[in-house]
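Here is a short tour for anyone meeting this structure for the first time. Keep the sequence and the 3D view open while you read.

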Amino acid sequence: MFRKIFIFVTVCLLSLSLKAQWELGVKNSLDKVFNTRLFLRYTATSDKQKNFLADIRFRPKGSYRTYLRKEVPLSTQQSTVFNIPVTLPPDDYEIDVDILDRDLNTHVSLMLDASFTVHQASEIQVSDIFLSYQDSIQQAFIEPVLGKKINPETENLYYYLEILAPGYEVLTVRAVLYKENEGQESPTTQAYQSLYQSNQILYLGESQHIIFKDILPIANLSAGEYLLDIRIYDDDEPLESEGIRFEVGGDIQKRIFSDLDESIRMMEYTVPLEILETLLRFPDEKVKAVEFREVWKELYGEKAEKMMEEYFRKIYEANERFSENIDGWQTSRGKIFIQYGEPKIKLVILNGKEYERWTYGKWSLSFLFEKRNQRYLLVE
C-alpha cells in the first residue's frame, strides 16, 4: 500500500507543486458595483515572468448550470494575490477555477471546500469577516487569509468587518472569540467556550460606512478550532451578525515549521528518500510548506494533520529521552520509539554488559539494545 502511495506521490509531485502554488478564496464585499470578490493567491517559485489564464465558473448549489463564467488573464513576476470582482444575486454557489499555465501548457483545478453564500440585501449591510496578517486596512482587504488554517509562525492576526448602515449614526459592535470544545461539533456557539470579548462603539458619520478592526494574539492561543463571532447592535437591539471559523496549529506545528528543512529530513521513517530530496529542493518556503502538507495528505487523507503532529511529537520526545552524541530521533532507540511507540523496558546484565530489552506485545516484537560507551546500539 505504501509503495503505491509513494509511486503516486513521485509521479504527481510536479502537478502537486503547481496546485500548491495556488489558493482560492471568496468574500462578500460592500463595493458599490460588485458584491463578491474572488481571490487567487499565487506563490511564485522564481522571479520569472509567468502568464496564466483563469477560467472561473459560478454555479447555483446543486445545479449543473453555470450562472456566470469569467475568463481572466493573469500575469506576474512575483507572489501575488489576484482580486477578481463579480456581481451575483443572493444564493448559494459552488465555485471552481481552472488555471492554465500558458508557458508550460499545464492545468490546475481549484474548488471551494463548501458552497459560498452571497448575502441577502438588508437594512444593515456587512461584508464577510476578513482575517489578515496585515495591520493596514487597505492591505488587509487585498491580502486576506484564504482557507481555515492560520500560519503557525504568526504572532498576531487582524480581523476586519465592513459595515454600511444608512440611518444610523452610532452602533455597538461586540466581537467574541470562541474555542471549540474537543469532541463536540455544532453550528452554534453551544459547542464552544468563550475566550475573549471586544466591545466597541462605532461613530459612522455622514458616510454611514465604517470598517471595524481589532487584533487577535494568535501566539497566545492553543491548538484547536476557533469561531470569531461579530454582532452589531443599536443600543441593545441586535441588527446583524457575521462569523468565521479558523484553525490554529499550536506549539507542535510552530516547531515543525520553524525549521522546515530539518522537519523534512526527520520524515525519513515514513517517506522515501527521493521524496524528501525533492521537497528540500523547492526554493520558495511557502511552496515547500504546502508541498510538505500535501505529502502527509497523500499518506493519511483527512487524518493528515493529526498523524503529522503525532509523528513529530514522537520525534521531539525521542530527542529529549534518547539523545546520545547525535539527536535522539537518529539513535537506535529513537528510531524504534518513533516507529512503534512506548515499549515495555527491561534492564538486563549479561557477561558484565548492560542491555535494554524493549518488547511490544501488540505486535509480538522484541528489540535488544547493548550499551556501548554511553550509547545504546540495536543488536537483536
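## A buried pair: D101 and K50

Start with D101, which is buried in this predicted model, with a relative accessible area of 2%. The side chain of D101 meets that of K50 in a salt bridge, at 2.9 Å from N to O. D101 belongs to strand β6 (residues 92–101) and K50 to strand β3 (residues 50–60), so this pair ties together parts that are 51 residues apart in sequence.

What about K50, is it buried or exposed? K50 is buried as well, with a relative accessible area of 11%, and the cut-off that puts it there is under 20%. As for the general idea behind such pairs, side chains of opposite charge can pair when their charged atoms come close.

## R59, E94 and their network

A second link between the two strands is made by R59 and E94, whose side chains meet in a salt bridge of 3.4 Å, N to O. R59 sits in β3 and E94 in β6, so here the pair ties together parts that are 35 residues apart in sequence. Which residues are joined into one network through salt bridges that share partners? They are D55, R57, R59, R69, E94, D96 and D98.

How do R59 and E94 themselves fare for exposure? R59 counts as buried, at 15% relative accessibility. E94 is partly exposed, because its relative accessible area is 26% and buried would need a value under 20%.

## Strand β3 and its two neighbours

Now take a look at β3 as a whole. It is mostly covered, with 10 of its 11 residues buried. β3 pairs with strand β4 (residues 68–76) in the antiparallel sense, over 9 bridges. To find that pairing on screen, go to D55, whose bridge partner in β4 is E71.

β3 also pairs with β6, again in the antiparallel sense and over 9 bridges. For this one, a handy spot is A54, whose bridge partner in β6 is I99.

## Another salt bridge: R37 and D31

How many salt bridges does a search of the whole structure find? The search turns up 27. One more to look at is the salt bridge of R37 with D31, where the closest N and O atoms are 2.9 Å apart. R37 counts as buried, at 17% relative accessibility, while D31 counts as partly exposed, at 31%.

## A sheet of four strands

Further along the chain there's an open sheet of 4 strands, in the order β17-β18-β19-β20, with antiparallel pairing. Why do β17 and β20 each have one side left without a neighbour in the sheet? They stand at the edges, each with a single partner strand, so there is no neighbour on one side. Neighbouring strands of this sheet are turned by 30° against each other on average, direction ignored.

Zoom in on β19 and β20 and you'll find antiparallel pairing over 4 bridges. There, K371 stands opposite Y376 in β20.

## Helix α8 across the sheet

Which strands does helix α8 lie across? It lies across β18, β19 and β20, running at about 10° to β18. The buried residues of α8 (residues 332–340) are R333, G334, I336, F337 and I338. Among the elements covering these buried residues are α7 (304–322), β18 (353–360), β19 (365–372) and β20 (375–378).

It helps to remember that an α-helix has 3.6 residues a turn, so residues three or four places apart point the same way. After α8 comes G341, which has a positive phi, near 90°.

## Two loop residues with positive phi

Two more spots deserve a quick stop. Q208 has a phi near 55°, a positive value in a residue other than glycine. You'll find Q208 in the loop between β13 (192–203) and β14 (209–216), where it is partly exposed, with a relative accessible area of 23%.

N351 isn't a glycine either, yet it has a positive phi of about 50°. Its place is in the loop between β17 (344–350) and β18. Is N351 buried or exposed? N351 counts as exposed, at 81% relative accessibility, where the cut-off for exposed is over 50%.

Notes
Residues numbered from 1 in each chain as written. Predicted model: local features only at pLDDT ≥ 70, side-chain atom pairs only at ≥ 80, totals over all residues. Heavy atoms only, no water. Salt bridge = Lys/Arg side-chain N within 4 Å of Asp/Glu carboxyl O. Buried < 20%, exposed > 50% of the residue type's maximum accessible area, 1.4 Å probe, protein only. Contact = heavy atoms within 4.5 Å. Pairing = 2+ DSSP bridges. Axes fitted to C-alpha atoms, helices over the stretch in contact; angles between N-to-C directions.
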